[in-house]
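Colleague: Got a minute to walk me through this model? I'm new to this, so keep it plain.

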Amino acid sequence: MEPVVRLEAASDRKAIHALVTAAFGQLDEADLVERLRDAGALTVSVVATVSEAVVAHACVSPMAACEDGGLAGVFALAPVSVLPDAQGQGLGTLVTQAAIDRMRARDAICLTVLGDPAYYQRFGFEPASAHGLHVDAGDFGDAFRVLALGTTGIPLGTYRWHAAFAPLLEG
Ligand SMILES: CC(C)(COP(=O)(O)OP(=O)(O)OC[C@H]1O[C@@H](n2cnc3c(N)ncnc32)[C@H](O)[C@@H]1OP(=O)(O)O)[C@@H](O)C(=O)NCCC(=O)NCCS
């Protein structure tokens, strides 16, 4: 059965929470998605379904500039989750690419990600520090990456994840 990729619907909420919990083996990332949604900060939330069951999810939220707190077209892709039994079948690639495509269609400037370079570089993500873009939560080396989405240059500076990430960063 071919997977269907679409934006999340209100009725997906429980299934997304269960899926993200299963993918990460803990509640932290699933609760992050809930906090982002409750804060109105889920800029894009994409699911892949097979036989109408939600099997993969990716979401995007806005980052703010540390200097002035303003939003400058910089967004964060996190988390990306695939049900353990469905991993390794291309579903992660499907929802990641769908989230990227939707952000490009929204004229976002760039998308950051914190994750395994081996996985994310296939989508074109490059080390953010090489572009002069940093995150205030720490130095994550090449794991913090950025993808330009249009012709506007990647803005230099230090950005912060949405406040909904705070419990994850503190834990
Ligand atoms: C990481 C994850 C989203 C990938 O989804 P997936 O559906 O298993 O991946 P795909 O089938 O699309 O695989 C695409 C490629 O990425 C590779 N890959 C998968 N997971 C990877 C990982 N954790 N690190 C590096 N490469 C990975 C696959 O081997 C595959 O490579 P290939 O095309 O050369 O064969 C999924 O495994 C997952 O939910 N993991 C647990 C949660 C997690 O770690 N999320 C990412 C946090 S940033």
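Modeller: Sure. Helices (H or I, at least four residues) and strands (E, at least two) are DSSP runs, numbered from the N terminus. P79, for example, lies in strand β4. This is a predicted model, where local features need pLDDT of at least 70, side-chain atom pairs count only at pLDDT 80 or more, and totals for chains, interfaces and linings use all residues. Residues are numbered from 1 along each chain as its sequence is written, and side-chain values use heavy atoms, with hydrogens and water left out.

Colleague: OK, what about the peptide bond joining A78 and P79, cis or trans?

Modeller: That one is cis, with omega about -10°.

Colleague: And what's up with phi of S51?

Modeller: It's positive, near 50°, and S51 isn't a glycine. S51 is found in the loop between β2 (44–50) and β3 (53–65). Most residues other than glycine have a negative phi, and most peptide bonds are trans.

Colleague: Switching to the ligand: how many residues surround it?

Modeller: There are 17, counting a residue if one of its heavy atoms lies within 4 Å. The closest are V82, G88, G90, G92 and T93.

Colleague: What kinds of residues are in that shell?

Modeller: Eight are nonpolar, seven polar and two charged. Here Ala, Val, Leu, Ile, Met, Phe, Trp, Tyr, Cys and Pro count as nonpolar, Asp, Glu, Lys and Arg as charged, and the others, Gly among them, as polar.

Colleague: Which side chain has an N or O atom 2.8 Å from a ligand oxygen?

Modeller: R122 does. The elements giving two or more residues to the shell are α1 (13–24), β4 (71–82), α3 (91–105) and α4 (117–120).

Colleague: New topic: how many salt bridges does the structure hold?

Modeller: Six, each being a side-chain nitrogen of Lys or Arg within 4 Å of a carboxyl oxygen of Asp or Glu. One of them joins R37 and E8, whose closest N and O atoms are 2.8 Å apart. R37 lies in helix α2 (residues 28–38) and E8 in the loop between β1 (4–7) and α1, so the pair ties together parts 29 residues apart in sequence.

Note on methods. A polar contact is a pair of N or O atoms within 3.5 Å; within protein, one must be able to donate a hydrogen and the other to accept it, and residues adjacent in sequence count only if both atoms are side-chain atoms.
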